[in-house]
Amino acid sequence: MNAPQLSEQESIRRASLDEMRRRGIEPYPAAEYPVSGYSEEIKENFKDDAPRREVAVAGRVMGRRIMGKASFMELQDSKGRIQVYVNRDEICPGEDKDLYNVVFKKLLDIGDFVGIKGYVFRTKTGEISVHALELTVLGKSLRPLPVVKVKDGVVYDSFDDPELRYRRRYVDLVVNEGVKDIFIKRTKVYNSMREYFNNAGYMEVETPILQSIPGGAAARPFITHHNALDIPLYLRIADELYLKRLIVGGFEGVYEFSKNFRNEGMDRTHNPEFTCMEIYVSYKDYNWMMDFTEKMLEKICLDVNGTTEVKVGDNVISFKAPYPRVTMAQAIKDFTGVDITGMDEDALRRTAKDLGIEVDESMGKGKLIDEIFGEKCEGNYIQPTFIIDYPIEMSPLTKRHRDNPELTERFELMVNGKELANAYSELNDPIDQYERFVEQMRLAEKGDDEAMIIDKDFIRALEYGMPPTSGMGIGMDRLVMLMTGQTTIQEVLFFPQMRPEKKAQQQSAESTEAAEAE
């Protein structure tokens with residue numbers, strides 16, 4: 001295998017690495033470094049009249065100004081940045097000036113990790129800084145970082161190409177201000193939601209990712225193979241059917257933050273691997289779940305942002321409860337002028353075509369209604385709105401509506417023109433559930449590759465008896481997008497799915513050709 005081709009700067013850095021080792025300086029020491037302070041905390045707690053504070057800080061070198069025997073360094077740690085003052089005669093007492101003259105001035109680079117022991121002071125220009133008394137190299141950087149500069153509010157040499165940012169998130173996090181804050185808020189969203197559920201007395205659980213039957217949603221799964229059992233397995237598309245088994249088993253309320261996988265397209269709001277939270281609570285219905293959901297979202301927004309309003313693009317969205325509730329039939333009538341109530345499959349297909357929506361013969365009533373709503377209605381709901389009472393053909397796991405057997409007790413929460421949450425009064429009649437699964441299989445025979453498969457063990461579980469239950473799923477990635485004001489899902493995923501790099505594809509092809517030649 002050919003050695004990687006190095007740029008001139010990379011070659012210089014590797015030479016610096018070798019020179020450090022020749023001088024007896026280990027650029028990757030194994031010992032623990034005793035960090036005792038962090039940038040933001042040091043600056044917040046500094047007082048001019050307080051006793052001198054000794055600190056040990058560590059982080060990346062993000063900038064240097066060398067001025068003879070005295071220099072300044074900008075150090076970036078996990079909390080922010082702080083200035084470090086370095087004086088040659090203090091970090092290199094005596095006659096040996098190599099640490100400063102050679103290591104600091106020539107061998108140390110932007111991006112290197114260093115540890116600094118010293119004390120906190122304020123410079124003549126008023127900047128709170130660390131006065132270095134000892135400098136330790138903790139990690140050599142062999143690739144130069146993009147140096148992003150800001151002057152008078154203008155950003156120079158920005159690292160802003162989305163392709164590079166998402167592929168090299170580790171660089172994005174280092175050089176682009178605000179990126180790390182998005183992911184800190186992501187954790188706050190999860191913590192706030194967990195707190196809400198735990199305080200209500202519900203239990204967090206874990207269910208299988210590898211499943212013999214991909215159930216709980218209408219989606220195309222990823223397929224893999226288990227060698228020992230010699231059977232196909234599916235990466236889960238949802239955890240719903242397993243969580244409801246636990247309700248059968250006697251738990252009052254269970255929830256899970258579930259990594260789901262759907263073999264579908266990618267765009268600004270879809271990634272094939274995503275996180276969904278699902279919760280199921282005994283003796284509740286979808287009306288209770290709407291109240292529960294809007295109070296939860298109001299709490300999360302306050303916990304994360306300190307307010308119930310967030311700005312997403314040009315829209316200011318308020319998560320202050322309560323939210324409007326609109327039936328699906330009314331929503332379609334509001335935005336198309338068409339009343340779909342009572343329409344059969346052929347009438348719905350004609351209606352969709354008349355509205356300029358592409359449909360095909362594999363689509364049943366549920367898919368056709370979903371297409372009409374998605375194309376003509378969904379994008380109009382910017383403020384949180386519950387769309388309720390879906391036709392039965394769209395909801396194979398949902399209890400029939402208590403007032404209209406053609407409908408189901410289901411809601412989807414629309415925010416900023418997209419679905420955020422999906423919830424039901426759960427179907428607990430095993431005979432009705434089996435018949436719904438059979439209807440799904442008929443759709444599969446017509447060519448619907450997202451139709452559900454009959455899960456006979458789930459039917460068996462229902463036959464043992466499941467209490468009235470309400471369940472709700474919420475897309476965590478989309479929720480984080482809203483809470484952080486982002487408009488693309490890639491901004492809230494550390495490592496979004498990407499197409500293979502062209503260079504990597506070319507190298508792979510060359511390796512294959514070489515192997516075949518041998």
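These exercises work through the chain as a whole, one sheet and three helices with their neighbours.

This is a predicted model, in which local features need pLDDT of at least 70, side-chain atom pairs count only at pLDDT 80 or more, and totals for chains, interfaces and linings use all residues. Residues are numbered from 1 along each chain as its sequence is written, and side-chain values use heavy atoms, leaving out hydrogens and water.

**Exercise 1. The whole chain**

Task: Describe the protein chain by its helices and strands, its box and its buried share.

Solution:
- Step 1. The protein chain has 16 helices and 20 strands. Helices (H or I, at least four residues) and strands (E, at least two) are DSSP runs, numbered from the N terminus.
- Step 2. Along the principal axes, the C-alpha atoms fill a box of roughly 95 × 70 × 45 Å.
- Step 3. Of the 518 residues, 47% count as buried. Buried means under 20% relative accessible area, exposed over 50%, partly exposed in between (1.4 Å probe, protein chains only).

**Exercise 2. An open sheet**

Task: Find the strand order of the open sheet of three strands, then its edge strands.

Solution:
- Step 1. The order is β9-β11-β10, with antiparallel pairing. Two strands pair if DSSP finds at least two bridges between them.
- Step 2. β9 (210-211) and β10 (223-226) are the edge strands, each pairing on one side only.
- Step 3. Two bridges join β9 to β11 (residues 231-235). Here Leu 210 stands opposite Leu 235.
- Step 4. Four bridges join β10 to β11. Ile 223 has Tyr 234 as its bridge partner.
- Step 5. The hairpin of β10 and β11 has four residues between the strands, and Asp 230 takes a positive phi near 55 degrees.

**Exercise 3. Helix α8 and its cover**

Task: Which residues of α8 (residues 240-248) are buried, and what covers them?

Solution:
- Step 1. The buried residues are Glu 240, Leu 241, Leu 243, Lys 244, Arg 245 and Ile 247.
- Step 2. Their cover includes strands β12 (253-261), β13 (273-282), β19 (418-425) and β20 (469-475), along with helix α14 (456-463).
- Step 3. Gly 250 follows α8, and its phi is positive, near 115 degrees.

**Exercise 4. Two helix pairs**

Task: Classify the packing of α7 with α9, then that of α13 with α14.

Solution:
- Step 1. Take α7 (residues 179-199) and α9 (residues 286-305). Their axes come within 9 Å and cross at roughly 140 degrees. Axes are lines fitted to C-alpha atoms, for helices over the stretch in contact, and angles run from 0 to 180 degrees between N-to-C directions.
- Step 2. That angle makes α7 oblique to α9. Angles under 35 degrees count as roughly parallel, over 145 as roughly antiparallel, 65 to 115 as roughly perpendicular and the rest as oblique.
- Step 3. Check the residues in contact (heavy atoms within 4.5 Å). Among them are Val 189, Met 193 and Tyr 196 in α7, and Phe 292, Met 296 and Ile 300 in α9.
- Step 4. Turn to α13 (residues 430-445) and α14. They pack at an angle of about 165 degrees, with their axes 9 Å apart.
- Step 5. That angle makes α13 roughly antiparallel to α14.
- Step 6. Pro 430, Gln 433, Tyr 434 and Phe 437 of α13 make the contact with Phe 458, Ile 459, Leu 462 and Glu 463 of α14.
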